[in-house]
Each structure stands twice: as structure tokens, then as C-alpha cells.
Amino acid sequence: MLQDIVGELITLEKLPEQGWTSEVSRIVTKNGTYLIKSAFKEKYRDWLRAEAKVLMSLADGREIPVPAYKGFIEEDETSHLIMSFEKGITLTAALREAMHLSDKERLVRSFGCFIQKLHEQEPVSNREGDWLDTQLNKAQLYAEKGQSEGSLELLEQLKSCNPQVVKQTMIHGDYTTDNVLVIDGEVQMFIDVAGMTVGDPRYDEALAIRKFRHHPELLAAFYKGYTRYRVSQEEIQYFEGLYEFF
Ligand SMILES: Nc1ncnc2c1ncn2[C@@H]1O[C@H](COP(=O)(O)OP(=O)(O)OP(=O)(O)O)[C@@H](O)[C@H]1O
Ligand SMILES: [Mg+2]
């Protein structure tokens, strides 16, 4: 039960900024402040379970900044993940509020720097099997069930032209400006970590730059922070194609 995890509720309020696949609320109890993330559809409940696993596995003090895991509750129709409530705002919100280009550049540089650190981190575990194969298989399932934007035709294309192999690293797996928190002007925390695993770092990179790929100043700022690799046009196309399935 929720109260067993967080203690007696004082308030429970939906956040003004909601995600796509879940409902998020802030809970205040006398023990502290928590975030509860609830999912209703099967696909998103699976993702939430995956996120719970990731948070649990990172709770052992490793050097990856994520909210602290508090608990996971599965009911008949709903799943709930409870974690620490972190101060800070999403990078999307921070960029919206930034007054000057120089402020935006600083934020985007920090966004690049932050993911570089993850990509250079020692992998947590040796995943079994190849990340890209796993993603392509999942994509196939979603496409067949009509649960994705990507078509089976696009999927065939992706399967027939795997990109050149690069070293696999820790990845976030959904590295958009919505899924990091800015604290004191710097990107400092990953959220929405269901896809965090050992995988292809070009997926994070391609997703990271998607919104400002045609904005030369912001793109340059990103690559001041992210210096380890630069995706090619073909790689961007490939990984953006893959993203259509998720
Ligand atoms: N631990 C946290 N502390 C404070 N705020 C949080 C925390 N986790 C999430 N949030 C807020 O809730 C919003 C939604 O969270 P999240 O990105 O995890 O869900 P989601 O977008 O529904 O997931 P998905 O991307 O799978 O659809 C975030 O944009 C952020 O504002
Ligand atoms: Mg999100």
C-alpha cells in the first residue's frame, strides 16, 4: 500500500507538467516529498516496470544521478512507481524560460556534457544479447499491434541496413529535453529512465539533437559538451527511424 511506503498523506497533487504515457503527482507526507508516476495502458505499465527495475538497480550508490527508488505497486488496472521528488525543472522548461541565446547555449552544452559522462561510464552490467536486435524486435511487436507510428515497411528498411557497429555504452534510451532535470542552471539528473541500459550511444545522441539539429548555435553548443563522437546524416536518419516505433 502507498501509505506503507511514504507514510500518511498530507497532500497529493497532479503536477502541472504531465508526461505522455503516465500521470505524475507530488505527494507530501510527514516523512518527505515523493513523486508518484502511474500508468494505465499495458505497454506503458511495462515501461513503468522497466523503469522501476532500473531505479532499483541504481539505488546502490553508483554514479548515475537518478531519483531514489521508493517502491512499485501493481494493481489490477494500474501500476505506480514511487520515487524521491527532485527539485529542478525539465530542460524543455528551462529552455522555454531562458531569455538569451547565451543562456540557451549554456543549457544545451550542459545537456551534451551530461550524456557524455554517461556514455563514458563503466557499464553497469553486461546485458545479454545485442541492444539493436532487441529494439528491432520490440519495434516489430509494436508495429504489428498497431501501437507505433513506424510502419512495417520502415522496419524492414531498418533491419536491412544496420549501421556500422560502434562500442556499446551505458545509454539513457530516451534522451530528450523532457527527460532531464536542470538544477542550479545545469543539467544534473536523468528522469524517465525505463530505457537505461547498455546500448548504442548514437541513439541518445540522435534523439538529443533532434529538436535543434537545424539551429547552428545550439547544435554547436551541444557538441562543445559532447565531444566523444558526432553522428553522421545516415546515422541520424537510422536512429530517428527507430525512434518512430517507441
Ligand atoms: N523524480 C521527479 N521529481 C520531480 N519531478 C519529476 C520527477 N520525475 C518526473 N518529474 C516530472 O514529471 C514529468 C513526467 O515525468 P516522466 O518524464 O518520467 O514521465 P512521462 O513523460 O509520462 O514518461 P514517458 O516519457 O515514458 O511518457 C516530468 O516532465 C517532470 O516534470
Ligand atoms: Mg518523459
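**Entry 1. Surroundings of ligand 1**

I began with ligand 1 and found 18 residues around it, of which the closest are Thr21, Ser22, Lys37, Glu86 and Asp192. I note here that the model is a predicted one. I then sorted the shell by residue class and recorded eight nonpolar, six polar and four charged residues.

**Entry 2. Polar contacts of ligand 1**

I next looked up which atoms pair with the ligand. For Lys37, I found an N or O atom of the side chain 2.8 Å from an oxygen atom of ligand 1. For Glu86, the partner on the protein side is a backbone N or O atom, and this atom lies 2.9 Å from a nitrogen atom of ligand 1. For Trp20, I recorded a polar backbone atom at 3.3 Å from an oxygen atom of ligand 1. I also looked up how much of the ligand is covered: on its own, ligand 1 has 610 Å² of accessible area, and the protein covers 92% of this.

**Entry 3. Elements and domains around ligand 1**

I asked which elements give two or more residues to the shell around ligand 1. They are β3, residues 32-39, and β5, residues 79-84. I then turned to the domains and found that domain 1 (2-84) and domain 2 (89-243) each supply at least three residues to this shell.

**Entry 4. Second largest pocket**

I moved on to the second largest pocket, for which I recorded a volume of about 230 Å³. Two elements each give two or more residues to its lining, namely α6 (152-160) and α9 (233-243). Which of the elements provides the largest share of the lining? I found that α9 does, with five residues.

I listed the lining residues by position. Among them are Leu154, Gln157 and Leu158, and further along I noted Cys161, Pro163 and Gln164. The list also includes Glu234, Glu235, Gln237, Tyr238 and Gly241. By class, I counted five nonpolar, four polar and two charged residues in this lining.

Notes:
Residues numbered from 1 in each chain as written. Chains lettered and ligands numbered in written order. Predicted model: local features only at pLDDT ≥ 70, side-chain atom pairs only at ≥ 80, totals over all residues. Heavy atoms only, no water. Near = heavy atom within 4 Å. Polar contact = N/O pair within 3.5 Å; in protein donor to acceptor, adjacent residues only side chain to side chain. Areas by Shrake-Rupley, 256 points an atom, 1.4 Å probe, with all protein chains shown as cover. Helix = DSSP H or I, 4+ residues; strand = E, 2+ residues; numbered from the N terminus. Nonpolar A, V, L, I, M, F, W, Y, C, P; charged D, E, K, R; others polar. Domains from an automatic or database assignment. 1 Å grid on protein atoms, 1.4 Å probe; cavity = no way out; pocket = protein on both sides within 12 Å on 5 of 7 lines; lining within 4 Å. Points joined across faces, edges and corners; volume = space filled by probe spheres on them.
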